[in-house]
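Here's a quick briefing to read alongside the viewer. Have a look at the fold first, then go through the points below.

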Amino acid sequence: MSTLQTNEEARPIRPQRELLTADASFDNDKMHVLLKNGTEVTVPLWWYPRLYHATPQQRRNWRILPFGDALHWPDIDEDLDVHGFIHGLKAPGARPPTVQ
């Protein structure tokens with residue numbers, strides 16, 4: 001299940017070669033996605049509540065989807081694409097964590 005709502009008309013049928021995913025990693029509050037062209041995109045985890053609330057083990061269990069421009073986390077049933085990361089598209093209802 002994808003938590004993103006994107007404009008499908010703006011997305012090419014086949015991913016652009018420069019937007020293919022090579023790797024993903026996490027720190028305490030960010031996700032880092034390395035593209036095959038060497039670009040690294042970093043986004044805050046709170047943009048994607050399922051990932052934010054997932055355990056480190058669940059976050060590490062991801063797969064690149066067949067077209068190469070999206071990631072899937074089977075443990076939390078989440079699919080996210082590189083286009084959303086680059087364009088700053090947060091999951092609907094995502095809110096930054098409150099500072100205490």
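How many helices and strands are there in the protein chain? Counting them up in this predicted model gives three helices and six strands. Starting at the N terminus, the elements come in the order β-β-β-α-α-β-β-β-α.

**The sheet**
- Strands 4, 5 and 6 make an open, antiparallel sheet, in the order 4-5-6.
- Its edges are strand 4 (63–64) and strand 6 (78–81), each of which pairs on one side only.

**How the strands pair**
- Strand 4 and strand 5 (residues 70–73) run antiparallel and are joined by two bridges.
- One pair to click on is Ile64 and its bridge partner in strand 5, Leu71.
- Between strand 5 and strand 6 there are four bridges, again in the antiparallel sense.
- Leu71 turns up here too, standing opposite Leu80 in strand 6.

**The hairpin**
- Strand 5 and strand 6 form a hairpin with four residues between the strands.
- If you're checking backbone torsions, go to Asp77 in that hairpin, which takes a positive phi near 50°.

**Whole-chain numbers**
- The protein chain has 100 residues, and 37% of them are buried.
- Take the contacts with a separation of 6 or more: 51% of these are between residues 24 or more positions apart.
- About 6400 Å² of the protein chain is exposed, with carbon and sulfur atoms supplying 50% of that area.

Note on methods
Residues numbered from 1 in each chain as written. Predicted model: local features only at pLDDT ≥ 70, side-chain atom pairs only at ≥ 80, totals over all residues. Heavy atoms only, no water. Pairing = 2+ DSSP bridges. Buried < 20%, exposed > 50% of the residue type's maximum accessible area, 1.4 Å probe, protein only. Contact = heavy atoms within 4.5 Å. Areas by Shrake-Rupley, 256 points an atom, 1.4 Å probe, with all protein chains shown as cover.
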